[in-house]
Amino acid sequence: MIIRKLIIILIPISFCVLQGSQKIILKNEIQEYLFSTQLILHDFVRFEEELFNQKIKKSNQNKYSRLVKSSESLIKMLAKIRNDFYRSSNSKYSKKEKELIAGIDRYVEKLNTAIAQLRLISTKQNKSNSYLFDEKNNDKIKLIEIKKSFTDEKKYLDGLLNEFIITNIPAAVQ
């Protein structure tokens, strides 16, 4: 008799737990939005390494100019990716998907701020031979703080993504 009561109680509870732990297949347009931002992050990291890890001689000053233009193009690409996503998105999203999209948007804004800071540093180095060490250090510290904020947002996104099944993983992101 007690076993029957336990079974009657445990079956609905286990059903609720199983339903709650099921993952949702992430819609393709959300995956494309997410992966496009990751590709831009990859370019940002590459530009940052080029700016700070290589010794650029005065004769190679046009490298700073190229980094300024490249960072400007990354900012434009981020805006285009976001606009394209919202323009083409006709789907109705679940609460979890809306939360994920809002997280991606916050991540994009913080990444955009970091790219703008990188562009500022590149511009200062390109325009001025007297870009003081202290000023450059302060700009670099600010960039590190900005990067921490989008890294924190990325961790939050990773937590949200654990609730989804991603089916359209591009080879460039893997």
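Hi everyone, let me start right inside the fold: Phe44 has a relative accessibility of 0%, so it counts as buried. Before I go on, please keep in mind that this is a predicted model.

Phe44 has a ring partner. The centres of the Phe44 and Phe150 rings are 5.9 Å apart and their planes stand at 75°, so we call the pair edge-to-face. What does this pair tie together? Phe44 belongs to helix α2 and Phe150 to helix α5, so the pair joins parts of the chain 106 residues apart in sequence. And is Phe150 buried or exposed? With a relative accessible area of 5%, Phe150 is buried.

Now let me step back to the whole chain. We have five helices and two strands here, and reading along the sequence gives α-β-α-α-α-α-β. Of the 174 residues in the chain, 33% are buried. If you take the contacts between residues at least 6 apart in sequence, 84% of them join residues at least 24 apart. The Phe44 and Phe150 pair, at 106 residues apart, is a nice one to have in mind there.

Back to the two helices that carry those rings. Helix α2 covers residues 28-53 and helix α5 covers residues 133-161; they pack at an angle of about 155°, and their axes are 13 Å apart. Angles over 145 degrees count as roughly antiparallel, so that is how α2 runs relative to α5. Their crossing is left-handed. Who makes the contact? From α2 we have Leu34, Gln38, Leu41, Phe44, Glu48 and Phe52. From α5 come Lys136, Lys140, Leu143, Lys147, Phe150, Lys154, Leu157 and Leu161. By type, the residues of this contact are eight nonpolar, one polar and five charged.

On to the other helix pair I wanted to show you. Helix α3, residues 62-88, and helix α4, residues 95-127, have axes that come within 8 Å and cross at roughly 165°. α3 and α4 are therefore roughly antiparallel to each other, and here, too, the crossing is left-handed. The α3 side of the contact includes Leu67, Val68, Leu74, Ile75, Leu78, Phe85 and Tyr86. On the α4 side you will find, among others, Ile101, Val108, Leu111, Ile115 and Ala116. There are charged residues in the contact as well, including Glu72 and Arg82 of α3 and Asp105 and Arg119 of α4. In total, the contact of α3 with α4 has 13 nonpolar, seven polar and four charged residues.

Two of those α3 names bring us back to aromatic rings. How many aromatic pairs does the count come to? Six. One of them is Tyr33 with Tyr86, which is edge-to-face, with 6.5 Å from centre to centre and 70° between the planes. Tyr33 sits in helix α2 and Tyr86 in helix α3, 53 residues apart, and the pair links these distant parts of the chain. The two partners make a nice contrast: Tyr33 counts as buried because its relative accessibility is 2%, whereas Tyr86, at 37%, counts as partly exposed.

And which residues do ring pairs link into a cluster? Tyr33, Phe85, Tyr86 and Tyr93. Phe85 and Tyr86 are also part of the contact of α3 with α4, so do have a look at that spot on the screen. Thanks for listening, and I'm happy to take questions!

How values were computed: Residues numbered from 1 in each chain as written. Predicted model: local features only at pLDDT ≥ 70, side-chain atom pairs only at ≥ 80, totals over all residues. Heavy atoms only, no water. Axes fitted to C-alpha atoms, helices over the stretch in contact; angles between N-to-C directions. Helix = DSSP H or I, 4+ residues; strand = E, 2+ residues; numbered from the N terminus. Parallel < 35°, antiparallel > 145°, perpendicular 65-115°, else oblique. Left-handed = near helix turned anticlockwise from the far one by under 90°. Contact = heavy atoms within 4.5 Å. Nonpolar A, V, L, I, M, F, W, Y, C, P; charged D, E, K, R; others polar. Phe/Tyr/Trp six-rings, centres within 6.5 Å; stacked < 30°, edge-to-face > 60°. Buried < 20%, exposed > 50% of the residue type's maximum accessible area, 1.4 Å probe, protein only.
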